[in-house]
Amino acid sequence: AKIPSAEGPTALIRVEQALTLDPRDVRALGARARLRFAAARQVWESGQRTDGRILSSWEERRQEALPLSTGAIQDLRTALSLTPSDPFLHERLAWVHGAVATIDASRRSEHLSSAVTHLHRAIALAPENQFLHRSRATLAVPQGEPFLQVGLRAARGAVQRDRGLLTDLVDRFVPLGLSETQW
């Protein structure tokens with residue numbers, strides 16, 4: 001099935017139609033995950049639902065965003081069961097888990113562990129990709145221990161592969177108050 005590149009309210013309907021025809025279409029699963037995650041982020045960050053209604057409390061936002069986010073996680077897990085060696089699916093799943101750690105505070109450490117694990121898998125599949133190392137660093141370092149050291153190693157790995165990433169990583173990490181040893 002051809003996956004539409006459209007955005008907006010009709011995009012999810014079109015992707016759902018494609019998945020009706022072929023529920024194992026990795027591109028369609030990835031597209032639905034992207035759309036679900038975008039909707040979850042919109043609800044969580046602004047309180048605005050896809051129908052335009054504004055949610056007034058954080059609990060309402062959580063109740064709306066969590067099923068969308070967990071749906072995105074399930075779509076990406078299904079896609080990975082079909083193509084387990086795709087490093088970029090692992091990276092996308094890591095970022096969704098990282099965001100869900102904020103939305104679902106009761107399972108924060110579980111989601112962060114999953115995020116770091118999926119970035120580890122992505123790097124194992126594409127070890128020379130400096131951007132995957134940067135992703136792992138960007139996700140892990142701000143979380144503090146026990147993820148800080150993992151993130152700092154990833155940052156060093158990113159810079160070893162591309163010195164041009166140093167400024168970006170320094171800019172991201174300066175506000176975190178890292179010690180002299182950590183730098």
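Contact, throughout this tour, means heavy atoms within 4.5 Å. The model on screen is predicted, and every value quoted along the way is computed from it.

**First stop: A126 and its loop**

Select A126, which is found in the loop between α5 (108–125) and α6 (130–140). Leaving aside residues up to four places away in sequence, A126 touches P87 and L132. Although A126 sits in a loop, its relative accessible area is 17%, and A126 therefore counts as buried, the cut-off being under 20%. Now add S85 to the selection: S85 and A126 are 41 residues apart in sequence, and their C-alpha atoms are 9.4 Å apart in space.

**Second stop: α6 and what covers it**

From A126, move on to α6 and colour its residues by accessibility. How many of the residues of α6 are buried? The helix is mostly covered, with 9 of its 11 residues buried, and these are Q130, L132, H133, S135, R136, A137, T138, L139 and A140. The cover over the buried residues of α6 includes α4, α5, α7 (148–161) and α8 (166–173).

Show α5 together with α6 next. Their axes come within 9 Å and cross at roughly 165°, and the two helices are therefore roughly antiparallel to each other, since angles over 145 degrees are counted that way. The crossing in which α5 passes α6 is left-handed. On the α5 side, select A115, V116, L119, H120, A122 and I123, which meet L132, H133, S135, R136, L139 and A140 in α6. Sorted by class, the residues of this contact are 8 nonpolar, 3 polar and 1 charged.

Now hide α5 and bring up α4 against α6. Here the axes are 11 Å apart and the packing angle is about 10°, and α4 and α6 are therefore roughly parallel to each other. The crossing of α4 past α6 is again described as left-handed. To display the contact, select P87, F88, E91, A94, W95 and G98 of α4 with F131, L132, S135, T138 and L139 of α6; by class, these comprise 7 nonpolar, 3 polar and 1 charged residues. P87, one of the α4 residues in this contact, is also a residue that A126 touches.

**Third stop: H97 and S113**

Staying with α4, select H97, which lies in that helix (residues 87–103). Is H97 buried or exposed? At a relative accessible area of 1%, H97 is buried. Beyond residues up to four places away in sequence, H97 touches I73, R77, H111, S114, A115 and H118. Of these, A115 has already appeared on the tour, as one of the α5 residues that meet α6.

Then select S113, which is found in helix α5. S113 has a relative accessibility of 37% and so counts as partly exposed. For a sense of the distances across the model, draw a line from S113 to A18: the two are 95 residues apart along the chain, with their C-alpha atoms separated by 32 Å.

**Fourth stop: α2, α3 and R36**

Turn to helix α2 (residues 26–46) and helix α3 (residues 58–82), whose axes come within 8 Å and cross at roughly 160°. That angle makes α2 roughly antiparallel to α3, and their crossing is left-handed. By class, the contact has 15 nonpolar, 4 polar and 7 charged residues.

Within α2, select R36. Not counting residues up to four places away in sequence, R36 touches E16, L68, G71, A72 and D75. A line from R36 to G52 joins residues that are 16 places apart along the chain and whose C-alpha atoms are separated by 16 Å.

**Fifth stop: the nonpolar cores**

Select V15, L76 and V96, the residues with the most contacts inside the largest nonpolar core, which has 19 residues. The elements that give two or more residues to this core are α1 (9–21), α2, α3 and α4, and α2 gives the most, with 6 residues. Apart from this core lies another, of 12 residues, among them L148, A158, V159 and F173.

**Last stop: a cis peptide bond**

Finally, centre the view on P146, in the loop between α6 and α7. The peptide bond to inspect is the one from E145 to P146, which is cis, with omega near 5°.

Note on methods
Residues are numbered from 1 along each chain as its sequence is written. This is a predicted model: local features need pLDDT of at least 70, side-chain atom pairs count only at pLDDT 80 or more; totals for chains, interfaces and linings use all residues. Side-chain values use heavy atoms; hydrogens and water are left out. Helices (H or I, at least four residues) and strands (E, at least two) are DSSP runs, numbered from the N terminus. Buried means under 20% relative accessible area, exposed over 50%, partly exposed in between (1.4 Å probe, protein chains only). Axes are lines fitted to C-alpha atoms, for helices over the stretch in contact, and angles run from 0 to 180 degrees between N-to-C directions. Angles under 35 degrees count as roughly parallel, over 145 as roughly antiparallel, 65 to 115 as roughly perpendicular and the rest as oblique. A crossing is left-handed if the near helix is turned anticlockwise from the far one by less than a right angle, and right-handed if clockwise. Ala, Val, Leu, Ile, Met, Phe, Trp, Tyr, Cys and Pro count as nonpolar, Asp, Glu, Lys and Arg as charged, and the others, Gly among them, as polar. A nonpolar core is a set of buried Ala, Val, Leu, Ile, Met, Phe, Trp, Tyr and Cys residues joined through side-chain atoms within 4.5 Å.
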